[in-house]
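User: Please take a close look at the ligand site in this structure. Describe what surrounds the ligand, then place the site in the wider chain.

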Amino acid sequence: MSPETLLSQQSPVQTSPAPAAPAVAVFQPEVFDQHVMTTYGRFPIALEKGRGCRVWDIQGREYLDFVAGIATCTLGHAHPVMVDAVSQQIQKLHHVSNLYYIPEQGALAQWLTEHSSADRVFFCNSGAEANEGALKLARKYAHQQLGIQEPVVITAQASFHGRTLATVTATGQPKYQKDFNPLMPGFHYVPYNDLAAMEEAISTLDADQRRVAAILLEPLQGEGGVRPGNPIYFKRLRQLCDEKGILLIFDEVQVGMGRTGNLWGHETLGAEPDIFTLAKGLGGGVPIGAMLCKRHCDVLGPGDHASTFGGNPFVCGVALRVCQTLEQAHLLENVRARGQQLRTGLRAIAQKYSALLTGARGWGLINGLVLREDTELTSIEIVKAAMAEGLLLVPAGPKVVRFVPPLIVAPSEVDQALEVVDRALAQLS
Ligand SMILES: *Cc1c(COP(=O)(O)O)cnc(C)c1O
């Protein structure tokens, strides 16, 4: 494309041929690491294209992708709906700012509220940001509606809520917090799925003149080891929150958008939140986050909270198409059936290698293969062995291997993944 065209006020889209993508001839991890902060422990492959549930690295090696950008690529890679949605929206309008009304944002919010118990939505760009928004909302609600000056938010041990200062404080895992003191005040941690511990924490804090404004939990702990919430616990917790006037916030960043076989993870638990957050699967891979709440706790007004990119036409236009496709393609049915198939297969594998594994757990298409605590073997070794055999997986802590494929995954692909895991374990045992 000529410099004149690039500066032209006319859209070059219709008139010029697409520019050739710059070729990455040789990829050198050492050069990459010189220029990019080494905040991630990366596997030594570079991926350059994908289709459906498959991706290819720069050497042309094919992988079956059971990571899906960490539970993010809802429709897999290069799905016709994604290709169409992205190109349609970029040619129409991609960003303007929230100084103006954005029809795509309104339409996506309407879809989300019509398909959930929430009434209002705030859009941002990531899971951490969605949780930040929820925490700010809870604090303002506490100040304004409950007269609590120093509100406390209770979260669970082994939880994961993000990497910003507030959300890493909310995250009940010291390994993410070390080196970042002082953390945010106003958080307290309890064991997950333990009602007695929750009741005790609330009354101990109360006696200490520290009042609880909100409880923030994942319906299923993803990063913390694919630990499903207990429906009895969550239903009782809902009652407890109603009795005490405490807001119940669910972090649905990983389990929302159909991943569990229901649209929302909390449907599996039979407990409705006052506030919940979304990100990963919402945009099918474009960066978008959302914080949703019921009308009664929507206390944020003009000037209280904002995001430059949040809810722009591009991400909302694409996310709306992802949502519609989830419905039209009956993806929830596929999630349930493939999830069942995967868990059954993983459980058989766990029995076969019972010296290494204790079993498999999860809902829909978020599942964990659980290693025995008394083996030397760690999840990362299984992930590496599977990768060498052409299957991408991701650890959820040192003793759980996570399976989060695109929601469009086919029966034959689940079978193939199971075969690879079997082979990888045969090598390791
Ligand atoms: C991934 C994740 C987050 C953080 O999302 P980012 O987009 O990385 O900020 C928060 N909560 C849960 C449950 C997650 O799985």
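Analyst: Helices and strands are DSSP runs, of at least four residues (H or I) for a helix and at least two (E) for a strand, and both are numbered from the N terminus. On that numbering, the loop between strand 10 (247-251) and helix 11 (265-269) holds Met257. The model is predicted.

The ligand comes first. Its surroundings are made up of Ser126, Gly127, Ala128, Asn131, Phe160, His161, Gly162, Glu218, Asp251, Val253, Gln254 and Lys280. Sorted by class, this shell contains six polar, three nonpolar and three charged residues. Helix 6 (residues 127-146) gives the largest share of the shell, with three residues.

Several polar atoms of the protein face the ligand at short range. A ligand nitrogen lies 2.7 Å from an N or O atom in the Asp251 side chain. For Gln254, the partner of its side-chain N or O atom is a ligand oxygen, again at 2.7 Å. The backbone takes part as well: a polar backbone atom of Gly127 is 2.8 Å from an oxygen of the ligand. The ligand taken alone would expose 380 Å², and the protein buries 81% of this.

Asp251 is also the residue at which strand 10 (247-251) ends, and the loop that runs from this strand to helix 11 includes Met257. The phi of Met257 is positive, near 60°, although the residue is not glycine. A second backbone feature is the cis peptide bond between Asn181 and Pro182, with omega about 0°. Pro182 sits in the loop that links helix 8 (174-177) to strand 6 (187-190). Most residues other than glycine have a negative phi, and most peptide bonds are trans.

On the scale of the chain, the assignment gives domain 2 as 93-328 and domain 1 as two segments, 21-78 and 330-429. Their C-alpha centres are 27 Å apart. Contact between the domains involves 27 residues of domain 1 and 31 of domain 2. Together they bury about 2300 Å², with 61% of that area on carbon and sulfur atoms. On the domain 1 side, Leu332, Trp363 and Ile366 account for 30% of the area buried against domain 2, more than any other three residues.

Technical notes
Residues are numbered from 1 along each chain as its sequence is written. This is a predicted model: local features need pLDDT of at least 70, side-chain atom pairs count only at pLDDT 80 or more; totals for chains, interfaces and linings use all residues. Side-chain values use heavy atoms; hydrogens and water are left out. A residue is near a molecule or strand if one of its heavy atoms lies within 4 Å of it. A polar contact is a pair of N or O atoms within 3.5 Å; within protein, one must be able to donate a hydrogen and the other to accept it, and residues adjacent in sequence count only if both atoms are side-chain atoms. Accessible areas come from the Shrake-Rupley method with a 1.4 Å probe; for residues, only the protein chains shown count as cover. Ala, Val, Leu, Ile, Met, Phe, Trp, Tyr, Cys and Pro count as nonpolar, Asp, Glu, Lys and Arg as charged, and the others, Gly among them, as polar. Domain bounds come from an automatic or database domain assignment. Contact means heavy atoms within 4.5 Å. Buried area is the accessible area (1.4 Å probe) that two parts lose on being put together, summed over both.
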